[in-house]
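Here is a short briefing to read alongside the model on your screen. It covers helix packing and then pockets.

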Amino acid sequence: MKKVLAVLLAMAMVFALAACGGTTEPAAPSDDAETYKVGMVCIGDDNAAYDRNFYMAADAAKEALAAKGINIEWTYTYNHPEGDPVAVDCEELADAGCIAVFLNSYGQEPAMLTVAADYPDTVFVGMTNEGSKSDDLDNTVNTFPSIYEGRYLAGVAAGCKLQEMIDNGEITEAEAVIGYVGAYTYAEVLSGYTAFFLGAKSICPAATMLVEFIGSWGDPTLEAATAQDLIDRGAVIVSQHSDSTTPATTAQSNGVYHVGYNIGMSDVAPEASIISSRIDWTNYMVYVIETIVGGGKVDADYMGHGLADGDVKLTELNTAIAAEGTQEAIDAAAAKIKSGELNVFDTSTFTVNGAELTSSLVDMDCDFAPDEGFDAVFDGVYHESYFKSAPAFAERIDGITLVNESY
């Protein structure tokens, strides 16, 4: 009888423990659970800072999905920026059984769209693109996080350093010059460098900026040469919308400062690189894959993910060289952006040809260029990524000088 009571008591305790607590660790997928194949077509490889940012997100997404009981396996293709090689990559990844194929750069989407219709069971994702939202295919989607918010905050860090240099007598106000290595004259790049400049000017009103385009998303040699030219023209801080770390190392070799993009660059330029802005693609990758596995439909144009959603971030601040109070200034601006108190493209904070911007028309087609039909300026703000996820700001604001316009 005592044995029976002991058994009953033990069982009661088990059931009681199971009923209490209310939270349990998510079950890890079992060894025999289905593993879903996922592909990524990359513009570069491990040598490119831009691509390394995507690999970090892919690893994080795999871990996050495993916690939800979803096993995935990534397959990558490398160094295919556009054209037929991209189309072949898409076909081969779909033929291999990938439920989703992510394309990580602008320029790859047109080739993707030529083959997507042949693989209706695979979702093709044009990242940093916008053409898929308006095609007639159910299995093509695009997205572009609100990176201009991160660019603004990176600009705040640059402005803090410029103002400190002025206050310490290291430079004059006239010498508070930023050099910016730009890829192309697309709105994506214009939006980014304008947001960066506005962030810098919010701290250092004397700041001016030189922008020089290289006609490539990434060319380490050309990026270094362009950074050097900007420094020779007087830049005391260099930033970039380009894919390698050579602007950072060039800044360091010249004794000037740097603010990066995609990944932290203080490891290669510890005496120059202050901070970087980046897109964290983890949440979006999880959303796409989890939606597909669950039988749902992925949004054709996924909008509205920025600082507040954790999809736009800054890397760790290099406190060894950052101006005093930089982190506090970044945190204050970030809080205002998240709350809506601060709008990056507040039209009262800049002019175009000496006048406040009162109208700007946004194109809902491809190529990130303005066109008639959608006026993004209202309530005293240019509403970037409002009508579509892709950036559209393409105004040439005062205080920024273009060294060249050939790309």
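How many ångströms separate the axes of H5 and helix H6 (residues 187–203) where they come together, and at roughly what angle do they cross? In this predicted model, the two axes come within 6 Å and cross at roughly 40°. That angle makes H5 oblique to H6, since angles of 35 degrees or more that stay below 65 fall outside both the roughly parallel and the roughly perpendicular classes.

**Helix packing**

- Two packed helices are described by the angle between their axes and the distance between the axes.
- As for handedness, H5 passes H6 in a right-handed crossing.
- Another packed pair is helix H2 (residues 49–67) with helix H9 (residues 282–293), whose axes lie 8 Å apart at an angle of about 50°.
- H2 and H9 are therefore oblique to each other, and their crossing is right-handed.

**The largest pocket**

- The volume of the largest pocket is about 470 Å³.
- Its lining is made up of 28 residues, and those nearest the centre are Ile43, Pro81, Tyr106, Tyr184 and Trp217.
- Two or more lining residues come from each of helix H4 (109–115) and helix H7 (220–232).
- H4 gives the most to this lining of the largest pocket, with three residues.
- If you are thinking about chemistry, the lining of the largest pocket divides into eleven nonpolar, nine polar and eight charged residues.
- Both domain 1 (34–143) and domain 2 (147–402) take part, each giving at least three residues to the lining of the largest pocket.

**The second largest pocket**

- The second largest pocket holds about 400 Å³ of space.
- Which residues are the closest to the centre of the second largest pocket? They are Ser146, Tyr148, Glu149, Asn343 and Glu384, out of the 23 residues that line it.
- At least two residues of the lining of the second largest pocket are supplied by each of helix H5 (147–167), helix H10 (326–339) and strand E14 (381–382).
- H5 thus appears in two parts of this briefing: it supplies lining residues to the second largest pocket, and it crosses H6.
- Sorted by class, the residues lining the second largest pocket are eleven nonpolar, eight polar and four charged.

Technical notes:
Residues numbered from 1 in each chain as written. Predicted model: local features only at pLDDT ≥ 70, side-chain atom pairs only at ≥ 80, totals over all residues. Heavy atoms only, no water. 1 Å grid on protein atoms, 1.4 Å probe; cavity = no way out; pocket = protein on both sides within 12 Å on 5 of 7 lines; lining within 4 Å. Points joined across faces, edges and corners; volume = space filled by probe spheres on them. Helix = DSSP H or I, 4+ residues; strand = E, 2+ residues; numbered from the N terminus. Nonpolar A, V, L, I, M, F, W, Y, C, P; charged D, E, K, R; others polar. Domains from an automatic or database assignment. Axes fitted to C-alpha atoms, helices over the stretch in contact; angles between N-to-C directions. Parallel < 35°, antiparallel > 145°, perpendicular 65-115°, else oblique. Left-handed = near helix turned anticlockwise from the far one by under 90°.
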